[in-house]
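I opened this model to look up its pocket, its core and one helix. My entries follow.

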Amino acid sequence: MSVKDSIAKLLVDADFTSCFTKPVSALLCEEPIVVAEGPFERESRMTDEERGTVTATVLVVRDVASEAGRVALLAEQTVRRGDWEPYADATPYRIVGIDTTVPACEGDDDSGHSVWSFKVVCTVAREL
């Protein structure tokens, strides 16, 4: 399971619906939550492991901007306050800490839906 899979699973387990880890067409799902994962950025290296961060972006798409903002805020609070132990295995990483940004409006997508997003900065460890 990757970092984005761990975040999506936590959201699904908290009863958020239509969570995806790949971009999805509005024809398939009009109001998705999409989790995208950035690259690993190493901060330190030890004998048997390295530590760094992986930043994920969570996009919340809704018909109405206020609803997108409300759902994005709830999702961000769920991620920030969640018990991460069951979701820590994000092969090849182990999530050891998280931080989130405040959700912000990204405007409208090509289908006219409102998009809000927030970032999840995951501190991760990787065995060498």
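How many nonpolar, polar and charged residues are in the lining of the largest pocket? I counted by class and got 10 nonpolar, two polar and two charged residues. Ala, Val, Leu, Ile, Met, Phe, Trp, Tyr, Cys and Pro count as nonpolar, Asp, Glu, Lys and Arg as charged, and the others, Gly among them, as polar.

I noted that this is a predicted model, in which local features need pLDDT of at least 70 and side-chain atom pairs pLDDT 80 or more, while totals for chains, interfaces and linings use all residues. Residues are numbered from 1 along each chain as its sequence is written, and side-chain values use heavy atoms, without hydrogens and water.

Next I looked up helix H1, residues 3–13 (helices are DSSP runs of H or I, at least four residues, numbered from the N terminus). In H1, the residues Val3, Ser6, Ile7, Ala8, Leu10 and Leu11 are buried (under 20% relative accessible area, 1.4 Å probe, protein chains only). Aspartate 15 follows H1 and has a positive phi, near 75 degrees.

Then I turned to the largest nonpolar core (buried Ala, Val, Leu, Ile, Met, Phe, Trp, Tyr and Cys residues joined through side-chain atoms within 4.5 Å). The core has 26 residues, and among those that touch the most other members are Val3, Ile7 and Leu11. H1 gives five residues to this core, the most of any element.

Last, I checked the contacts (heavy atoms within 4.5 Å) of valine 3. Leaving out residues up to four places away in sequence, valine 3 touches Glu37, Val54, Ala90, Tyr93, Cys122 and Val124.

Key:
Buried < 20%, exposed > 50% of the residue type's maximum accessible area, 1.4 Å probe, protein only. Helix = DSSP H or I, 4+ residues; strand = E, 2+ residues; numbered from the N terminus.
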